[in-house]
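User: Hi! I'm new to reading protein structures, could you walk me through one? Let's bring it up and start with the basic words.

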Amino acid sequence: MVINWENLRRAAQRALPGFAFDYVDGGADDEQTLRHNREVFARWMFKPAVLKDASRRSLQTSLANDSLAAPLLVAPTGYNGMLRYQADLMLARAAAQNGIGYIQSTVSTASLEESAAVSQGPRWFQLYVLKDRQVTASLIERAQTAGCSALVVSVDAVHFGNRERDKSHYRRPLKLSVKALADVASHPGWVWRTLRPAGMPGFGNLRPYLPAEYQRGLNAATYFAQQMDPTLNWETLRWVRELWSGPLYIKGIMTEQDALIARQLGFDGIVLSNHGGRQLDGTFSPMQVLAAIRAAVGPDFSILIDSGFRRGTDVVKALALGANAVLLGRPLLYAVAAGGEALVNATLQSMIAEIDRTLAQLGCSSPRDLHPGLVHDINGVSQQNWRN
């Protein structure tokens, strides 16, 4: 039974050895942004409309070329095989079963082809642009062949964040400390669920391109980090646009100027994100720039958002301020770590029910009825009605 996200977090903490849990749960440096991402939602309080008939409701949402049962997508997250064997496939199936989108990461443990084989739901692909342009082009081609309906290019992880919580478990790069190894030994359930079926996981999408000695485990992660293209710029994204014929989103946008450039260059939408607090510490939550960016780009440009979303009320606040949909990350990772696919399903059902209940309590019949007037900024900042 899913009570709330904090229950899921505690269950995942019990299920995982410390190094694996902190990989999912932690952020960069002092984790200011990680904490801020949660605290920011208290800035907006609801102003519910009453005496409105909201007895019949629909969360149906059109996004790119897909029809979603709710304005949600599973966020792209990497190396989920460290949480549970075939975790990526569990997330893909659960998303399909609940009628929402699934965005597969470049560095997922499962491959694009494996996910396509188990899910008939809306699937998107998140792309990291690599130094080797042939590899990048091959990944784009494989995503199209695998039936992905949209491409999401991440632009905020060219230089990896300093994740000190992760580092605390290692005596030197790639080598767990004695204490961390003892902690692994104290979690035989994790070893059985995660390592016993196939050993240390690797990166399914990168398997065709990696040298043999970098196929699995932390070696694969190190090699991948070396392949990130530090010269990524708007010209690179124009090149990606030429290769991808479907809807194309840019993930990691945090300023009005970048949002306007994305629209001017013909991209289909953006994802407001600070990478869940895992990159530049001390960064604003995307929620604090959402309304201004919506006002800048107008009502007809797709804005998705992630970073810190845990409850249906969080999602509804973002929709009211101008987002088209929300990407869910950590809650679903806690769920897959603690209880596998069944718990991911239950978590999504709970989240969708909470969104639906919040709409009803606001007197709304669908996400289209939401607007800034239904939330009050306790900091006193006025919100423009972006639907006008």
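Analyst: Happy to! Let's begin with burial: a residue is buried if its relative accessible area is under 20%, exposed if over 50%, and partly exposed in between, using a 1.4 Å probe and protein chains only. By that rule F309 counts as buried, because its relative accessibility is 2%.

User: Anything I should know about the model itself?

Analyst: Yes, two things. This is a predicted model, so local features need pLDDT of at least 70 and side-chain atom pairs count only at pLDDT 80 or more, while totals for chains, interfaces and linings use all residues. Residues are numbered from 1 along each chain as its sequence is written, and side-chain values use heavy atoms, with hydrogens and water left out.

User: Got it. How many aromatic pairs are there?

Analyst: Five. Rings of Phe, Tyr and Trp (its six-membered ring) pair if their centres lie within 6.5 Å; planes under 30 degrees apart are stacked, over 60 edge-to-face, and the rest tilted. F41 and F309 are one edge-to-face pair, because their planes are at 70°, with ring centres 4.9 Å apart.

User: Where do F41 and F309 sit along the chain?

Analyst: In distant parts, 268 residues apart: F41 is in the loop between helix 3 (32-39) and strand 1 (44-46), and F309 is in the loop between strand 12 (302-305) and helix 14 (312-320). Helices (H or I, at least four residues) and strands (E, at least two) are DSSP runs, numbered from the N terminus.

User: And F41, buried or exposed?

Analyst: F41 counts as buried, with 3% relative accessibility.

User: Which charged residues lie over a ring face?

Analyst: R133 lies over the face of W239, 5.4 Å from the ring centre. R278 does this over Y23, at 5.0 Å from the ring centre. The rule asks for NZ of Lys or CZ of Arg within 6 Å of the ring centre and within 35 degrees of the ring normal.

User: Switching topic: how many salt bridges does the structure hold?

Analyst: It holds 16 salt bridges. Each one is a side-chain nitrogen of Lys or Arg within 4 Å of a carboxyl oxygen of Asp or Glu. E6 and R9, for example, meet at 3.5 Å, N to O. Both lie in helix 1 (residues 5-15), three residues apart, about one turn of the helix.

User: Which residue does E31 form a salt bridge with?

Analyst: With R165, the closest N and O atoms being 3.0 Å apart. That pair links distant parts of the chain, 134 residues apart: E31 is in the loop between helix 2 (18-25) and helix 3, and R165 is in helix 7 (residues 164-167). E31 is buried at 13% relative accessibility, whereas R165 is partly exposed at 23%.

User: What about D306 and K251?

Analyst: Their side chains form a salt bridge too, at 3.3 Å, N to O. D306 lies in the loop between strand 12 and helix 14 and K251 in strand 10 (residues 248-253), so the pair ties together parts 55 residues apart in sequence. D306 is buried at 7% relative accessibility, and K251 is buried at 4%.

User: Which residues do shared partners join into one network?

Analyst: E6, R9, R10, D22, D25, E31 and R165 are joined by salt bridges that share partners.

User: Now R84. How far away is the nearest side chain of opposite charge?

Analyst: That is E341, 9.5 Å away; R84 is buried yet has no salt bridge. For charge, Lys and Arg count as positive and Asp and Glu as negative, while His and the chain ends are not counted.

User: Then which backbone oxygen lies 3.2 Å from a polar atom of the R84 side chain?

Analyst: The backbone oxygen of A337. R84 is in the loop between strand 4 (72-74) and helix 4 (87-97). Leaving aside neighbours within four places in sequence, R84 is in contact (heavy atoms within 4.5 Å) with residues including M90, R193 and T194.

User: One last thing: why is helix 14 largely enclosed?

Analyst: Because eight of its nine residues are buried, helix 14 is largely enclosed by the rest of the structure. Among the buried ones are G312, D314 and K317. Helix 14 is followed by G322, whose phi is positive, near 130°.

Note on methods
A polar contact is a pair of N or O atoms within 3.5 Å; within protein, one must be able to donate a hydrogen and the other to accept it, and residues adjacent in sequence count only if both atoms are side-chain atoms.
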